Amino acid sequence: MERSISSTAKRFVRRNLQWKGNPRTAPSSFIHCYGRRAFASASGDYREKLSRNRLSDLKLDDAIGLFGDMVQSRPLPSIVEFSKLLSVIAKMKKFDVVISLGEKMQNLGISHDLFTYSIFVNCFCHSSQLSLALAVLGKMMKLGYEPDVVTLSSLLNGFCHSKRISDAVALVDQMMVAMGYKPDAVTFTTLIHGLFLHNKASEAVALVDRMAEKGCQPDLVTYGVVVNGICKRGDTDLALNLLKKMEKGKIEADVVIYNTIIDALCKYKHVNDALDLFNEMEIKGIRPDVVTYNCLISCLCHYGRWDESARLLSDMIERKINPNVVTFNGLIDAFAKEGKLLEAEKLYKEMIQRSIDPNIFTYNSLIYGFCMHNRLKKAKDMFAFMVSKDCLPDVVTYSILIKGFCKCKRVEEGMELFREMSQRGVMGDTVAYTTLIQGFFQNGDCEYAQMVFKQMVSDRVPASLMTYTILLDGLCNNGKLEKALVIFKDMQKSEIEIDIFTYNTMIDGMCKAGKVEEAWDLFCNLGFKGVKPNVVTYTTMISGLCGKRLVHKADALFRKMKEDGPLPDSGTYNMLIRAHLRDGKKAASAELINEMRSCGFAGDASTFGLVTNMLHDGRLDKSFLDMFS
DNA sequence: TTAGGGTTAG
């Protein structure tokens, strides 16, 4: 038979596909430890079980049992029947099992064909063993089997999931140009997914149009890949446009695509758009599932829209879409964060009543709630309880507890937890180290905080912008502005994108150290650095000017803020009022108090403290207090 | 017609 593969193509494959590795080294332990028992228990006619309608509800145990029946029956089943079974197991994502069974067949003298070899190429690619996939490809070609579009698409997937995206692009080009294959929607979709994986979003989107030009229409899965890639990058507008494009192309989006977009809308703070899309899918007759509800419920809780989220919860129960562990975790997390601990515990009991097992997320949320509301004892009990339930704490659990201890000024115990964590083989991450650094600074232990930071660097745990900001804040608050400035200058030279929080920290540090002019320079330069000052920046700067008795300059900045800056908040007004009172400017203070009250803000504790003191020593009279009520 | 692509929630 005339082979369709050209000689260029063969050369390409030889040149590009290394001939390394040995498929015989594939993992086979699975069969040895697990397979035999299953073989022994299997019974019945394999042919009947292999019939199509039976295959879809086959369990892994049954499939392995079936394999046992097949290798024992005589005459041996055809290779087609074996590939049917192997593909079912591959669809269960049990790639190592497929490989083991394939090896077993080989040992029994059952030879493979194009289809079974293709299945192995696919399985090796999925289990990140690209070199073995290439070895199988080499072997099948030696035996005279030609890889076809399906085999090469599997390989393409392997390139995409390793670091070889350029090989993936080249392979598709070669398939089209040199090999004379016609890549289909699956081939293109695989490559599009690979491009997203390698952060080449625009190339991925462009390829959707190019595949259409090549006469290959994107299908539901293609759109699924693109929508997912786009949503991960937060471009919800483009995702919604794609949804319209699908409609035009008469491809009906499925619930997963809607869920993906709803999730992204929730994450990127377009809650109402998410609710609109939810209604739209109802109108289109696409039934939401538990994921749809979970996205919306936890998002609504997050924004304090408790009533709406409760309504959705009862709505889903009414529609027999059962809440699962994620539903409860979302609710418990939101209640715990809000300090509604009784409700959180009630939900925890309810999930157990519904026989839904709590998992590490459940425990982490509850521990967080207890820690943040100063109930350390309860948090530790819960920690011990989860361990007793064989739910092993992770770095997040430890970080939550460490933060809780630090918050209660028990940083030594936090440090102890950190050591315990490391001893148990849980490595500290950026958050864990940062939490501890912050704890030591808050405790006034500047030296130890810096030591932890050094340890973090030597352990090669990357510091985040948050880590640096906490470090700068700690140094500034402990009278080490100079040291902070050195680090800050290094940061400005580095690739870290400094945000307004870091600038606020430095402006505050400079002002508190009396270097108001330097702070003012930094403040004026924010525009050049592409960062917009926020209400805290203005308030800090105004406060710094007041501290230097430059009250007229502070007033001017306050006016500028009201003209073209962020709206002053309670903190701005209170700070300015105190500054004027200290300066003996009663009339100006009175004016500010009225303005503040007309904006709906009230005097805060510091302001009342100052006013009380001034009443005592007679600098103010009682009538002044009436202005606040 | 036995083989290849995406899958969202804490």
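**Close-up views of a predicted protein–DNA model**

**Figure 1. Helix α7 and the glycine that follows.** Just after α7, G109 takes a positive phi of about 80°. This and every other view here comes from a predicted model. Helix α7 itself covers residues 95-107, 13 residues in total. From first C-alpha to last, α7 reaches 19 Å, close to the 18 Å expected at 1.5 Å a residue. How much of α7 is covered? Most of the helix is, with ten of its 13 residues buried. If you would like to find them in the view, the buried residues are F95, V97, V98, I99, S100, L101, G102, E103, K104 and M105.

**Figure 2. The largest pocket.** Here we look into a pocket with a volume of about 940 Å³. Its lining has 30 residues, and K91, N122, V150, S154 and V186 are the closest to the centre. Four helices each supply at least two residues of this lining: α6 (79-91), α8 (114-126), α10 (149-161) and α12 (185-197). Which helix gives the most to the lining of the largest pocket? That is α10, with seven residues. By class, the lining of the largest pocket divides into 14 polar, ten nonpolar and six charged residues.

**Figure 3. The second largest pocket.** About 740 Å³ of space lies in this one. Of the 27 residues that line the second largest pocket, S298, H302, G330, D333 and K337 lie nearest its centre. The elements giving two or more residues to this lining are α16 (255-267), α18 (290-302), α20 (325-337), α22 (360-372) and α24 (395-407). Helix α20 provides the largest share, eight residues. The lining of the second largest pocket is made up of 14 nonpolar, eight polar and five charged residues.

**Figure 4. The protein surface around DNA strand B.** There are 48 residues around DNA strand B, and those that come nearest are F115, H126, D184, N329 and N359. Which parts of the DNA lie within 4 Å of the protein? Of the atoms of strand B within that distance, 45% belong to sugar or phosphate and the rest to bases. The residues of the surface near DNA strand B comprise 22 polar, 16 nonpolar and ten charged.

**Figure 5. Side chains that meet base nitrogens of DNA strand B.** Three residues are worth picking out in this view. D184 places a polar side-chain atom 2.6 Å from a base nitrogen of strand B, and D184 is also one of the residues that come nearest the strand. For T187, a polar side-chain atom lies 3.1 Å from a base nitrogen. For S118, the distance from a polar side-chain atom to a base nitrogen is 3.4 Å. Stepping back to the elements, α6, α8, α10, α12, α14 (220-232), α16, α18 and α20 each give two or more residues to the surface near strand B.

**Figure 6. S589 in helix α35.** Our last stop is a serine found in helix α35, which spans residues 586-598. Is S589 buried or exposed? S589 counts as buried because its relative accessibility is 0%, and the cut-off for buried is under 20%. A polar atom of the S589 side chain lies 2.5 Å from the backbone oxygen of K585.

Definitions and conventions:
Residues numbered from 1 in each chain as written. Chains lettered and ligands numbered in written order. Predicted model: local features only at pLDDT ≥ 70, side-chain atom pairs only at ≥ 80, totals over all residues. Heavy atoms only, no water. Expected span 1.5 Å × (residues − 1). Buried < 20%, exposed > 50% of the residue type's maximum accessible area, 1.4 Å probe, protein only. 1 Å grid on protein atoms, 1.4 Å probe; cavity = no way out; pocket = protein on both sides within 12 Å on 5 of 7 lines; lining within 4 Å. Points joined across faces, edges and corners; volume = space filled by probe spheres on them. Nonpolar A, V, L, I, M, F, W, Y, C, P; charged D, E, K, R; others polar. Near = heavy atom within 4 Å. Polar contact = N/O pair within 3.5 Å; in protein donor to acceptor, adjacent residues only side chain to side chain.
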